[in-house]
Amino acid sequence: MMVTTTVAAAFLPIAPVSDSSGTTSGKIASGIPASVDTRGTSAKSKSTSSGKLQVKTNAQALPKVNGTTVRSVNGFKTEDDVIVSPPPRTFINQLPDWSMLLAAITTIFLAAEKQWMMLDWKPKRADMLDDHFGLGRIVQDGSIFRQNFSIRSYEIGADRTASVETLMNHFQETALNHVRNAGLLADGFGSTPEMCKRNLIWVVTKMQVLVDRYPTWGDVVQVDTWVAASGKNGMRRDWLVRDRNTGDILTRASSLCVMMNKETRKLSKIPDEVREEIGVYFVDSPPIVDDDSRKLPKLDDNTADYIRSGLTPKWSDLDINQHVNNVKYVGWILESAPLPLVETHELAGMTLDYRRECMRDSVLQSLTSVVDKGGHGGGESTNDIVECQHLLRLEGGGEIAKGRTYWRPKFADMIHSLGQHPFDGA
């Protein structure tokens, strides 16, 4: 019973009872002895001369100083308590805490200084990139664009070397950065301002690649690229890839591009306004790779040795012009290359003819035929140079791309022994 009453008293306001003389009684209205405070604990006696306990409860009125109510600590006030008046309100003690503002300014200053040091970074060793944070630069009187790449761990395959798709991604990146560095990059994939006005885009119609040696993880490659006219309505772009540390040539590539209307998806002539934009950057030089103009033989279900069906593009395979990126075609073509060949040989040369676009809802087939090269004997022997012919088509029959690839035995030191690439002018 005592516990219940104490708990109730702890949560209910309790008023003191005054007798007829106006003094406060030592008992509380509920009949609880005054020796127990509102928290249920015994209060110490202030004086023992009368033999009774006297306490002051929380209910007593708060004192006032100069007309201002002063709250006592923990609800108790004794005769020894000294009430201190708050300091007068002045302009000085109403100012903000300047130390907080100073700390914030210091933090911002240090962060800005750190960022500036990163932007003003300079290489300290000869083997470090000259253009570590940049996107390349134009060299040789504005005719060549140069950019360095470090081969990343996710760009190498089972052979511990970069794939041909990695190299072609570097080709595409330098081509776009070349256009941007020249101040011609507008909306679209490599489109100039005048091309954008006419809804024109570039499309690749042919690609030739010769690989002398593949870079590996951690290597730094230097990619040079330039453009030239190709006929009346085409443009040729060349690439030369070197090992940045040794200067050795690793890869050479050349592509042909034409213009296509983005809306009608039909080929277009180069307007005079566009020719004026890009003509100043044309280099008068022969292709870095001799043009392989041999006609590719017809390849079908009866002549193909290997067929891979059910290939479909993913959303990530589309570029900003809403068609499949040309690098993806290479991966699809190699899908039907025989595994024994891929395990024992490496791709040394490639010629691709792009026939039509591949859209996001297309379903494709990859066909490969293995043939001999230069009378070297059996097609898949580890001691021979192997030539393959390829066809990438829609399952309905329309041709997407045709190609020819050359494969050499892995780890063969053929380039240095022959003095030239074995497929130059093939």
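**Close-up 1. A nonpolar patch on the surface of this predicted model.** Three residues, Trp 98, Leu 101 and Ile 105, make a nonpolar surface patch of about 340 Å². To find the patch, look for helix H2, residues 98-119, where Leu 101 sits. Leu 101 is partly exposed because its relative accessible area is 44%, between the 20% and 50% limits. A bit of background helps here: an α-helix has 3.6 residues a turn, so residues three or four places apart point the same way.

**Close-up 2. The whole chain, for orientation.** Step back for a moment and you have 8 helices and 16 strands to find your way around. The chain has 426 residues, and buried ones make up 37% of them. Its accessible surface comes to about 25400 Å², with 55% of that belonging to carbon and sulfur atoms. Now take the contacts between residues at least 6 apart in sequence: 65% of these join residues at least 24 apart.

**Close-up 3. Inside the largest nonpolar core.** This core has 41 residues. Which residues have the most contacts inside it? They are Met 168, Phe 171, Tyr 329, Trp 332, Met 350, Tyr 354 and Leu 392. Pick out Met 168 and see what it touches: leaving out residues up to four places away in sequence, Met 168 meets Met 207, Asn 326, Val 327, Val 330, Met 350 and Tyr 354. There is also a second, separate core of 13 residues, and Ala 182, Leu 200, Cys 257 and Ile 270 are among them.

**Close-up 4. Helix H6, mostly covered.** H6 runs over residues 326-334, and 7 of its 9 residues are buried. Those buried residues are Asn 326, Val 327, Tyr 329, Val 330, Gly 331, Trp 332 and Ile 333. Two of the names, Tyr 329 and Trp 332, may ring a bell from the largest nonpolar core. At the N-terminal end of H6, Asn 325 acts as a cap: one of its side-chain oxygens lies 2.9 Å from the backbone nitrogen of Val 327.

**Close-up 5. A salt bridge between distant parts of the chain.** A search of the whole structure turns up 19 salt bridges, and here you can see the one between Asp 291 and Lys 206. Their closest N and O atoms are 2.8 Å apart. The two partners are 85 residues apart: Asp 291 is in the loop between helix H5 (272-279) and E12, while Lys 206 is in strand E7, residues 200-211. Is each partner buried or partly exposed? Asp 291 counts as partly exposed because its relative accessibility is 49%, whereas Lys 206 is buried, with a relative accessible area of 13%.

**Close-up 6. Two more salt bridges, and a network.** Asp 238 and Arg 236 join their side chains in a salt bridge of 3.0 Å, N to O. Both ends are covered up: Asp 238 is buried at 0% relative accessible area, and Arg 236 is buried at 7%. In the other pair, the side chains of Asp 292 and Arg 294 meet at 3.1 Å, N to O. Here Asp 292 is buried at 5% relative accessibility, but Arg 294 comes out as partly exposed at 36%. Elsewhere, salt bridges with shared partners tie Glu 194, Lys 197, Arg 198 and Glu 273 into one network.

**Close-up 7. Ile 307 and its contacts.** You'll find Ile 307 in strand E12, residues 306-311. Setting aside neighbours within four places in sequence, Ile 307 is in contact with Asp 301, Gln 365, Ser 366 and Leu 367. Its C-alpha atom is separated by 9.9 Å from that of His 390, which is 83 residues away along the chain. Ile 307 is partly exposed, at 40% relative accessibility.

**Close-up 8. Two arginines with positive phi.** Neither one is a glycine, yet Arg 160 has a positive phi of about 65 degrees and Arg 265 one of about 60 degrees. Arg 160 sits in the loop between strand E6 (144-150) and helix H3 (164-181). Arg 265 belongs to the loop between strand E10 (249-261) and strand E11 (267-268). Why does Arg 160 count as exposed? Because its relative accessibility is 66%, and exposed means over 50%. Arg 265, at 27%, counts as partly exposed.

Conventions:
Residues numbered from 1 in each chain as written. Predicted model: local features only at pLDDT ≥ 70, side-chain atom pairs only at ≥ 80, totals over all residues. Heavy atoms only, no water. Helix = DSSP H or I, 4+ residues; strand = E, 2+ residues; numbered from the N terminus. Buried < 20%, exposed > 50% of the residue type's maximum accessible area, 1.4 Å probe, protein only. Contact = heavy atoms within 4.5 Å. Polar contact = N/O pair within 3.5 Å; in protein donor to acceptor, adjacent residues only side chain to side chain. Patch = residues over 30% accessible without salt bridge, like charges linked within 9 Å, V, L, I, M, F, W, Y side chains within 5 Å. Areas by Shrake-Rupley, 256 points an atom, 1.4 Å probe, with all protein chains shown as cover. Salt bridge = Lys/Arg side-chain N within 4 Å of Asp/Glu carboxyl O. Core = buried A, V, L, I, M, F, W, Y, C linked by side-chain atoms within 4.5 Å.
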